[in-house]
Amino acid sequence: MEEADRSNKPITRVSFRIISSDLDPYLVTQALNLTPDHAHRNGDYISNTNRSTYKQGLWSINSKLSKEGSFSGHLEGLLSILEPVQEPILKLGEDHTLEFYCGLFSYTGFDLSPDILKQIANLGATLGVAIYCS
């Protein structure tokens with residue numbers, strides 16, 4: 001878990017994830033023609049020094065906005081990358097979970113425009129938000 005800096009500025013982390021027990025990250029990369037920031041298969045080792053394995057496959061891209069960027073700005077940036085490949089994403093969503101995973105540190109609240117919410121819904125994705133207050 002990441003903590004906010006000492007100035008209590010909000011810190012935001014946002015990623016788009018595709019998850020399932022039988023996910024093949026290579027096939028997702030080919031279908032979307034996007035390079036993931038992280039990908040693994042069910043059963044892959046969590047790290048080279050750990051014998052624990054992942055229980056789900058995952059393909060994920062992260063927002064490229066600075067961690068001090070606004071929550072909506074992070075989502076808008078990811079949506080601009082994902083909307084051109086909406087059809088393959090919807091196809092992947094037939095067999096896999098699609099989600100925006102958001103970590104908000106030192107937030108007291110946020111607003112999202114109807115346009116952003118509609119764009120997320122049009123991708124067939126859920127929006128998960130974890131808020132960590134210091």
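Over which residues does pLDDT stay under 50, and how many contacts beyond four places in sequence does the model have for them? A few notes on that and on the side-chain pairs follow.

1. Confidence first. This is a predicted model, and the stretch to be wary of is residues 1–6, where pLDDT stays under 50 and the model has 12 contacts beyond four places in sequence. For the protein chain as a whole, the mean pLDDT is 90. In addition, 93% of its residues reach 70 or more.

2. On to the charges. Side chains of opposite charge can pair when their charged atoms come close. Here you'll find 4 salt bridges in the structure. Three of them are covered below, among them the bridge between Glu99 and Arg17.

3. Glu99 and Arg17 have their side chains joined in a salt bridge, at 2.4 Å from N to O. Glu99 belongs to strand 6 (residues 97–105) and Arg17 to strand 1 (residues 11–20), so this bridge ties together parts that sit 82 residues apart in sequence. As for burial, Glu99 has a relative accessible area of 15% and is buried, because the cut-off for that label is under 20%. Arg17, at 22% relative accessibility, comes out as partly exposed.

4. Arg17 turns up a second time. Besides bridging to Glu99, Arg17 lies over the face of Tyr101, 4.4 Å from the ring centre. If you have the viewer open, bring up Arg17 with Glu99 and then add the ring of Tyr101.

5. Next, Arg41 and Asp24. These two form a salt bridge whose closest N and O atoms are 3.2 Å apart. Both partners come from loops: Arg41 from the one between strand 2 (38–40) and strand 3 (45–47), Asp24 from the one between strand 1 and helix 1 (25–32). The pair links distant parts of the chain, 17 residues apart. Arg41 has a relative accessible area of 39%, which makes it partly exposed.

6. Lys64 and Asp37 also make a salt bridge, with 2.6 Å between the closest N and O atoms. It's another loop-to-loop link: Lys64 sits between strand 5 (57–62) and helix 2 (71–82), while Asp37 sits between helix 1 and strand 2, 27 residues apart. Lys64 is exposed, at 62% relative accessible area, whereas Asp37 is partly exposed at 40%.

7. Now the rings. The structure has 3 aromatic pairs. One of them is Phe71 with Phe110, an edge-to-face pair at 4.7 Å centre to centre and 85° between the planes. Phe71 is in helix 2 and Phe110 in the loop between strand 6 and helix 4 (114–122), so the pair ties together parts 39 residues apart in sequence. Phe71 is buried, with just 3% relative accessible area, but Phe110 is partly exposed at 33%.

8. Phe105 and Tyr132 form a stacked aromatic pair, with 4.9 Å between centres and 15° between the planes. Phe105 lies in strand 6 and Tyr132 in strand 7 (residues 126–132), so far as sequence goes 27 residues apart, and the pair links distant parts of the chain. Phe105 counts as buried, at 6% relative accessibility, while Tyr132 is partly exposed, at 28%.

Conventions:
Residues numbered from 1 in each chain as written. Predicted model: local features only at pLDDT ≥ 70, side-chain atom pairs only at ≥ 80, totals over all residues. Heavy atoms only, no water. Helix = DSSP H or I, 4+ residues; strand = E, 2+ residues; numbered from the N terminus. Buried < 20%, exposed > 50% of the residue type's maximum accessible area, 1.4 Å probe, protein only. Phe/Tyr/Trp six-rings, centres within 6.5 Å; stacked < 30°, edge-to-face > 60°. Lys NZ or Arg CZ within 6 Å of the ring centre and 35° of its normal. pLDDT = per-residue confidence, 0-100. Contact = heavy atoms within 4.5 Å.
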